[in-house]
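The following exchange sets computed values against the definitions that give them their names. Each answer states the criterion and then draws the conclusion.

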Amino acid sequence: MKRTFILMLDSFGLGAATDAEKFGDVGSDTFGHIAQACAQGKADIGRQGPLKLPNLAKLGLGHAGFESTGKFADGFNADVEVIGAYGHADELSSGKDTPSGHWEMAGVPVLYEWGYFSDLTHSFPKELTDKILKRAGLEDFLGNCHASGTQILEELGEEHMKTGKPIFYTSADSVFQVACHEETFGIENLYNLCKIAREELEPYNIGRVIARPFVGTGPADFARTGNRHDYAVLPPAPTILDKLKAAGGEVVSIGKIADIYAHSGITQKFKATGLEELFDETLTQIKRAGDNTIVFTNFVDFDSHYGHRRDTAGYAKALEYFDSRLPELFAILQPDDLVVFTADHGCDPTWVGTEHTRERVPVLAYGAGLPAGSLGRRQSFADIGQSIASYFKLEPMNYGESFIN
Ligand SMILES: O=P(O)(O)O[C@H]1O[C@H](CO)[C@@H](O)[C@H]1O
Ligand SMILES: [Mn+2]
Ligand SMILES: [Mn+2]
């Protein structure tokens, strides 16, 4: 039976990419810097001491980090019996955003430039926001700037609740984000507004519109909810997900995977909020997966709750939680299954600002008869998609080099 499980740790980079200079990210290292902070006792909130990821280490995480940066992350060393194939991959795509990373790992790098709203304030053209407001029957909006999604709620959340004006903001990514209160503005009103924005953004080549609903009564208790919704454009070519679906296989999305691929190549989708639910749902879907199936989970919290929030202790604790659940996964695997652990970009919580970092990502592949050992430096995340094509004996993708014969 052929089954592939992809566990995508959103933003878990392991060292600056070869082209990090173009992004101002030379020296960034999500994994290495978290491990360093832990070893120095600087990440002792809700957890203690050196970063402990024994199961990921067995899969070769420490070794992959060593091969990426030339140094074992603090608390990791060569004295581990590695059971998986481990590598690290550079990104071919032009951006360090979520869709680019995901599409590339599915065999379709984004070689064109996205559109960006690069002005830090007055970020959106007036003719664009005028059109969106008019179609939505709204008079005005708040924001119009680059912002961290939690900080902007502290600044503008109350005014939004009082006036009913939606909050529009962006970032260094190709995104148009809309924050509205779930109860006072209404979740359906927010989704409708985002659908209008998605249509009006067509000429601007923007990767995603993101609905950012929140609840609470004021800055002290505003909280974003699991009803986030991403409206992505379609990948520029069929991904490995499309290919498996077209060949009659099943592609099971858990979390925001379906949204990121604009629902293309997905046959079933399951929502889950938070690492625990995401992991539970992943195990549930693996248990029921039949032949010719991909189960693909995006563990978004690493990025949205910890990386962007520059919360190093939170990130470390989340990684340790994830690691602690891996034995449950190992216990239900079948001999031919292929499991891949990877990431879509970095988001070093010790780095300046609140944006992603251009990093290499881990490629930890386990099962399917793969010999334990190094896969070395991969030129593109697309090696994952190409390997999955080869595993399922599908036609090769246009990009990527398979590590499976
Ligand atoms: O600060 P928040 O709202 O989490 O936004 C972040 O999440 C977006 C999507 O990953 C990025 O563009 C970044 O702006
Ligand atoms: Mn991401
Ligand atoms: Mn992000």
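Q: Which residues of helix α3 (residues 61-69) are buried?
A: In α3 these are Leu-61, Gly-62, His-63, Ala-64, Gly-65 and Ser-68. Buried denotes under 20% relative accessible area, exposed over 50%, and partly exposed the range in between, with a 1.4 Å probe and protein chains only. Helices are DSSP runs of H or I with at least four residues, strands are runs of E with at least two, and both are numbered from the N terminus.

Q: What is the basis of the model, and how is it numbered?
A: This is a predicted model, in which local features need pLDDT of at least 70 and side-chain atom pairs count only at pLDDT 80 or more, while totals for chains, interfaces and linings use all residues. Residues are numbered from 1 along each chain as its sequence is written, chains are lettered from A and ligands numbered from 1 in the order in which they are written, and side-chain values use heavy atoms, with hydrogens and water left out.

Q: Against which elements do the buried residues of α3 pack?
A: They pack against the helices α1 (30-39) and α2 (54-58) and the strands β2 (85-89), β13 (361-367) and β14 (373-378). Contact here means heavy atoms within 4.5 Å. After α3 comes Gly-70, with a positive phi near 85°.

Q: What makes Asp-10, Thr-98, Asp-344 and His-345 donors of the manganese ion (ligand 2)?
A: Donors are N, O and S atoms within 2.8 Å of the metal (3.2 Å for Na, K and Ca); water is not among the atoms, so sites may look incomplete. Asp-10 (OD), Thr-98 (OG1), Asp-344 (OD) and His-345 (NE2) lie 2.1 to 2.2 Å from the manganese ion (ligand 2). Along the chain, these donors follow the spacing D-x87-T-x245-D-H.

Q: Why is Asp-344 called buried, and why is His-345?
A: Asp-344 has 0% relative accessibility and therefore counts as buried. His-345 likewise has 0% relative accessibility, so His-345 counts as buried.

Q: Which residues supply the protein donors of the manganese ion (ligand 3)?
A: Asp-303 (OD) is listed twice, together with His-308 (NE2) and His-356 (NE2), at 2.1 to 2.7 Å from the manganese ion (ligand 3). Their spacing along the chain is D-x4-H-x47-H. The manganese ion (ligand 3) is 4.4 Å from the manganese ion (ligand 2).

Q: Why do Asp-303 and His-308 count as buried?
A: Asp-303 has a relative accessible area of 5% and is therefore buried. His-308 is at 15% relative accessibility, so His-308 is also buried.

Q: How do you know that Tyr-169 makes a polar contact with ligand 1?
A: A polar contact is a pair of N or O atoms within 3.5 Å; within protein, one must be able to donate a hydrogen and the other to accept it, and residues adjacent in sequence count only if both atoms are side-chain atoms. An N or O atom in the side chain of Tyr-169 is 2.8 Å from an oxygen atom of ligand 1. For Arg-212, a polar side-chain atom lies 2.9 Å from an oxygen atom of ligand 1, and for Arg-309 the distance from a side-chain N or O atom to a ligand oxygen is 2.7 Å.

Q: Why is His-160 called buried?
A: His-160 has a relative accessible area of 1%, so His-160 is buried. This residue lies in helix α6 (residues 149-163), and its side chain reaches the backbone oxygen of Lys-165 at 2.7 Å. Residues touched by His-160, beyond those up to four places away in sequence, include Leu-142, His-181 and Phe-214.

Q: What is notable about phi at Ser-11 and at Asn-144?
A: Ser-11 is not a glycine, yet has a positive phi of about 85°; Ser-11 is found in the loop between β1 (3-9) and α1. Asn-144, in strand β3 (residues 142-146), has a positive phi near 65° and is likewise a residue other than glycine. Ser-11 counts as buried because its relative accessibility is 0%, and Asn-144 because its relative accessible area is 15%.
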